[in-house]
Amino acid sequence: MKRTYCRISGEPLVEVVEFGRQPLGNGFLEPKAFANEYFFPMAIGFSEVSMMLQLIEQPAPEKMFHDQYAFYSSTSRFMAQHFKGFAEQVMQSKYLTNVDPFVVELGCNDGIMLKNFAEKNIRHLGIEPSLNVAQEANKHGVRTISDFFTERLAEKIIREHGKADAFLAANVMCHIPDIVGVVKGISKLLKPTGVVMFEDPYLGDIITKTSYDQIYDEHVFLFSALSIQYLFGLQGMELIDVLPQKTHGGSMRYVLAHRGAYPVKESVSELIAQEKVQGLDRLDTFKVFQTNVTHSKRKLVTLLKDLKSQGKRVVGYGATSKSTTILNYCCIGPELIEFISDTTPIKQGKYTPGMHIPVVPYEMFKSNPPDYAVLFAWNHAEEIMAKERDFMEAGGRWIIHVPEVKVL
Ligand code: JHZ
């Protein structure tokens, strides 16, 4: 449904960038499904009241999160370590000092973070609407229910398990259109001394790096400390700390609690001041972003067409959700990119959403290396470059588009 009003403040939304017709970011499909493929008009809008950048239209959650969800968190070794670190930070913090603490994670996927609590016999509960990944979590001893989190579910959890000491989420909160309802549920579920810790791709980095590929159907919101402060403030909660993360090309971990429960760290006022300097509270900033996005598109398309005319073989590395935005916005199909290799079995043998580039097993990249590989999983560059030294030593070149389009 097209929104003309901000999902948080109810004030009018001003459209700032338009990406044209887009399919589902994770809607990898077989040829028999091409004819009925789902598309929606993708654009982002901004409200200067809530300071929240958001999709104007978003597909229904059931279209995106279901029993065939294509993204498994545990496909990256680095991410497994990252979530172990996140879990350890929670376990060692002053927020989890109770004798029998209870930890809830929203969108726990295959259990990549909660398994660290399960291993220490800490009471936990995962809530994951995509059944296939929720089953994977249960298989690994992570207690998970497959459902969407609502105020009603929060009440049910309180009846069955009591209130929570910590409420965690990673790369999930920015997916939820009824975020106001979810925050109401969280404030109910949380003990008076409880904390919320969650992280998502950070708007400040998206703007600085022109990483517009973070914008796709699942990411209904692009958060900043300013917008998070406003959103949680509506339910009597406040930011008490912010911790920048390297993941997903620049993320922010937000720590929140009931207002007055804990002292507010200086990091919060510092980040908020920095965001005001960057202009994350002003419409003008997103107009500049729009110009940068158009420029990035032009550069990438020109580069790929030049390589094609020189007879070079170009493939993609990592069939990410992010790549769906780039491919469809720039209109890049199999005539420019031969295939995209990906290690996720559920994506292999299928085609990319919208532009229908074949997704092949990683072994194809190894056995038939191209001249150039577009690093669609650019956020995993460190891990990938380390394991693909042979490709570069044999003369293979990487193409990246963040922070600007270039050949490495
Ligand atoms: P990756 C997903 O986005 C979807 P995506 C989701 N909406 C979200 O918010 C973010 O995650 C957090 C493959 N790969 O992590 C695996 C290799 O083939 O950038 C993945 O398919 N070889 C929930 O999809 C993809 O690349 C490798 O060596 O943009 C990476 O996807 C590695 C490391 C990955 O997230």
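**Figure 1. Helix H10, residues 283-309, in the predicted model.** Helix H10 holds 27 residues, and at 1.5 Å a residue these should span 39 Å, which agrees with the 40 Å that separates its end C-alpha atoms. The buried residues of the helix are Leu 283, Thr 285, Phe 286, Phe 289, Val 293, Ser 296, Leu 300, Val 301, Leu 303, Leu 304 and Leu 307. An α-helix has 3.6 residues a turn, so residues three or four places apart point the same way. H10 is followed by Gly 311, a residue whose phi is positive, near 80°.

**Figure 2. The open sheet of 6 strands.** Read across the sheet, the strands come in the order E14-E13-E12-E15-E16-E17, and their pairing is mixed. Strand E14 (359-361) and strand E17 (406-407) stand at the edges, and because each has a single partner strand, one side of each is left without a neighbour in the sheet.

**Figure 3. Strand E15 and the strands that pair with it, E12 and E16.** Strand E12, residues 314-317, pairs with strand E15, residues 372-375, in the parallel sense over 4 bridges. Among the residues joined in this way, Val 314 has Tyr 372 as its bridge partner in E15, and Gly 316 has Val 374. E15 also pairs in the parallel sense with strand E16, residues 397-400, here over 3 bridges, and Val 374 stands opposite Ile 399 in E16. Which residues cover the two faces of E15? Tyr 372 and Val 374 lie on one side, Ala 373 and Leu 375 lie on the other, and all of them are buried, which means that each has under 20% relative accessible area.

**Figure 4. The second largest pocket and its lining.** Rolling a probe the size of a water molecule over the atoms shows where empty space is left. In the second largest pocket this space comes to about 380 Å³. Its lining is made up of 19 residues, and those that lie nearest the centre of the pocket are Gly 249, Trp 378, Asn 379, Ala 381 and Glu 382. The elements that give two or more residues to this lining are helix H2 (77-92) and helix H13 (381-387), and of these H13 gives the most, with 4 residues. By character, the lining residues divide into 9 nonpolar, 6 polar and 4 charged.

**Figure 5. Lys 84 in helix H2, shown together with Gly 311.** Lys 84, which lies in helix H2, is partly exposed, with a relative accessible area of 41%. Gly 311, the residue with positive phi that follows H10, is 227 residues apart from Lys 84 along the chain, and the C-alpha atoms of the two are separated by 45 Å.

**Figure 6. The chain in which these close-up views are set.** The secondary structure of the chain comes to 14 helices and 17 strands. The radius of gyration is 21 Å, close to the 22 Å that the globule rule gives for 408 residues, so the chain is as compact as a globular protein of that length. Along its principal axes the C-alpha trace spans about 65 × 45 × 40 Å, and 59% of the 408 residues count as buried.

Key:
Residues numbered from 1 in each chain as written. Predicted model: local features only at pLDDT ≥ 70, side-chain atom pairs only at ≥ 80, totals over all residues. Heavy atoms only, no water. 1 Å grid on protein atoms, 1.4 Å probe; cavity = no way out; pocket = protein on both sides within 12 Å on 5 of 7 lines; lining within 4 Å. Points joined across faces, edges and corners; volume = space filled by probe spheres on them. Nonpolar A, V, L, I, M, F, W, Y, C, P; charged D, E, K, R; others polar. Expected span 1.5 Å × (residues − 1). Buried < 20%, exposed > 50% of the residue type's maximum accessible area, 1.4 Å probe, protein only. Pairing = 2+ DSSP bridges. Rg over C-alpha atoms; globule rule 2.2 N^0.38 Å.
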